[in-house]
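Here are some exercises to work through with the sequence and the model side by side. Try each task yourself before reading its solution.

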Amino acid sequence: MLDKSPQALTATVAVDPVRSASSERGVVYVYEAPVRLWHWINAAAILVLGLSGYFIGNGIPTIPGKTGDNFLFGYIRFVHFIAGYVLTLGFLLRIYWAVVGNPHAKQIFYVPIWRKSYWREVWHEIRWYAFVAAEPKKYAAHNPLAQLAMFFMFTLATAFMIVTGFALYAQGTGNDSWQYRLFGWVFSIRPNSQDVRTGHHLGLWMIVTFALIHIYTAVREDIVSRQSIVSSIIFGEREFRD
């Protein structure tokens with residue numbers, strides 16, 4: 001007889017955090033406090049970076065008066081830089097927690113492409129989100145399709161934005177700065193800084209697209225699949241309802 005207790009579910013996920021949970025009902029502690037704190041600080045940083053980055057890339061309306069009396073654009077850039085540092089520090093700490101945290105903390109940093117069962121589960125999730133599959137599978141953390149999307153559209157995209165962002169920032173701090181020493185190699189790949197700016201700008205829209213999909217699917221799953229998705233990133237526990 002299949003054990004559907006929360007303890008059994010936790011044990012199953014601890015061995016393999018990607019595979020579906022064998023429980024229709026129960027409560028499992030998924031997201032530890034550092035992961036939840038990082039999630040919301042990271043979301044705020046991305047919002048600030050997105051808004052300020054949009055104005056940096058597209059400009060702002062003309063402000064009357066002398067240029068020296070209006071430092072609005074300078075403030076926008078300053079806020080963008082501060083949010084970039086927050087994003088970077090949070091990303092580094094998130095990598096650390098993926099090593100020391102529970103098995104769920106590792107999911108956004110890898111995709112088990114070598115496993116056939118993983119791709120079967122991805123296909124099931126595609127059919128579920130397309131309203132073709134009749135029943136959802138229950139997962140303690142991210143489902144396989146979400147894991148795939150987060151790795152390519154968030155984890156790699158964030159790393160790309162950090163690298164290109166600091167490379168562009170290094171143009172202002174100079175060749176002797178630590179920013180240039182760590183990230184100046186970007187211009188050996190793309191000598192034209194405008195190409196780097198274009199890639200950085202496109203990366204913004206990649207993350208914006210991911211954020212919109214992420215919010216939609218989280219709310220949808222919370223309602224349709226009868227499992228707590230939104231509240232789990234607030235309180236840490238995933239509840240599976242009948």
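**Exercise 1. A partly exposed arginine**

Task: Find the salt-bridge partner of Arg190, and work out how open to solvent each of the two residues is.

Solution. Start with Arg190: its relative accessible area is 44%, so it is partly exposed. Keep in mind that this is a predicted model. Next, look for an acid: the side chain of Asp195 meets that of Arg190 in a salt bridge, with 2.9 Å from N to O. A salt bridge needs the nitrogen to lie within 4 Å of the carboxyl oxygen, and the 2.9 Å found here satisfies that. Finally, check Asp195: because its relative accessibility is 32%, Asp195 also counts as partly exposed. As background, side chains of opposite charge can pair when their charged atoms come close.

**Exercise 2. The other salt bridge**

Task: How many salt bridges does a search of the whole structure find? Then decide whether Glu221 and Arg220 are buried or exposed.

Solution. The search returns two salt bridges. One of them is the Asp195 and Arg190 pair from the exercise above. Another joins the side chains of Glu221 and Arg220, at 2.8 Å from N to O. For the burial step, the cut-off is a relative accessible area under 20%. Both Glu221 and Arg220 are buried.

**Exercise 3. Confidence before detail**

Task: Which residues have a pLDDT that stays under 50?

Solution. Begin with the whole protein chain: its mean pLDDT is 86, and 88% of its residues reach 70 or more. Then go to the start of the chain, where residues 1-25 stay under 50. For that stretch the model has 54 contacts beyond four places in sequence.

**Exercise 4. Annotated spans and helices**

Task: Where does UniProt place the feature "transmembrane region", and what is the secondary structure of residues 76-97 and of residues 202-219?

Solution. First, the record: the unreviewed UniProt entry puts this feature at residues 37-56, 76-97, 148-170 and 202-219. Now compare with the model. Residues 76-97 are 100% helix and 0% strand, and their end C-alpha atoms lie 31 Å apart. Residues 202-219 are likewise 100% helix and 0% strand, with end C-alpha atoms 26 Å apart.

**Exercise 5. Two threonines in helix H5**

Task: Decide whether Thr155 and Thr158 are buried or exposed, and list what each one touches.

Solution. Take Thr155 first; it sits in helix H5. Its relative accessibility is 5%, so Thr155 counts as buried. Beyond neighbours within four places in sequence, Thr155 is in contact with Phe91, Ile108, Phe109 and Met150. The Thr155 side chain also reaches the backbone oxygen of Ile108, at 2.6 Å.

Move on to Thr158, also placed in helix H5. With a relative accessible area of 1%, Thr158 is buried. Not counting residues up to four places away, Thr158 touches Leu87, Phe91 and Ile207. Phe91 therefore appears in the contact lists of both Thr155 and Thr158.

**Exercise 6. Aromatic pairs**

Task: How many aromatic pairs does a search of the whole structure find? Classify the pair of Tyr54 and Phe55, then that of Tyr85 and Trp178.

Solution. The search gives 14 aromatic pairs. For Tyr54 and Phe55, the ring centres are 5.8 Å apart and the planes stand at 75°, so this pair is edge-to-face. Tyr85 and Trp178 are 6.5 Å centre to centre with 55° between the planes, a tilted pair. That pair links distant parts of the chain, 93 residues apart: Tyr85 belongs to helix H3 (residues 72-100) and Trp178 to helix H6 (residues 178-183). Tyr85 is partly exposed at a relative accessible area of 31%, and Trp178 is partly exposed at 41%. To finish, follow the ring pairs outward: they link Phe81, Tyr85, Phe166, Tyr169, Trp178 and Phe183 into a cluster.

**Exercise 7. Positive phi values**

Task: What are the phi values of Phe131 and Arg226, and where does each residue lie?

Solution. Phe131 has a phi near 65°, a positive value in a residue other than glycine. Phe131 lies in the loop between helix H4 (116-129) and helix H5 (144-173), and its 62% relative accessibility makes it exposed. Arg226 is not a glycine either, yet its phi is positive at about 60°. The loop holding Arg226 runs between helix H8 (193-224) and helix H9 (232-235). Arg226 is partly exposed, with a relative accessible area of 38%.

Note on methods. Residues are numbered from 1 along each chain as its sequence is written. This is a predicted model: local features need pLDDT of at least 70, side-chain atom pairs count only at pLDDT 80 or more; totals for chains, interfaces and linings use all residues. Side-chain values use heavy atoms; hydrogens and water are left out. UniProt positions are given in the numbering used here, feature names are shortened, and annotations may be inferred rather than shown by experiment. Helices (H or I, at least four residues) and strands (E, at least two) are DSSP runs, numbered from the N terminus. pLDDT is the predictor's confidence in each residue, from 0 to 100. Contact means heavy atoms within 4.5 Å. Buried means under 20% relative accessible area, exposed over 50%, partly exposed in between (1.4 Å probe, protein chains only). A polar contact is a pair of N or O atoms within 3.5 Å; within protein, one must be able to donate a hydrogen and the other to accept it, and residues adjacent in sequence count only if both atoms are side-chain atoms. Rings of Phe, Tyr and Trp (its six-membered ring) pair if their centres lie within 6.5 Å; planes under 30 degrees apart count as stacked, over 60 as edge-to-face and the rest as tilted.
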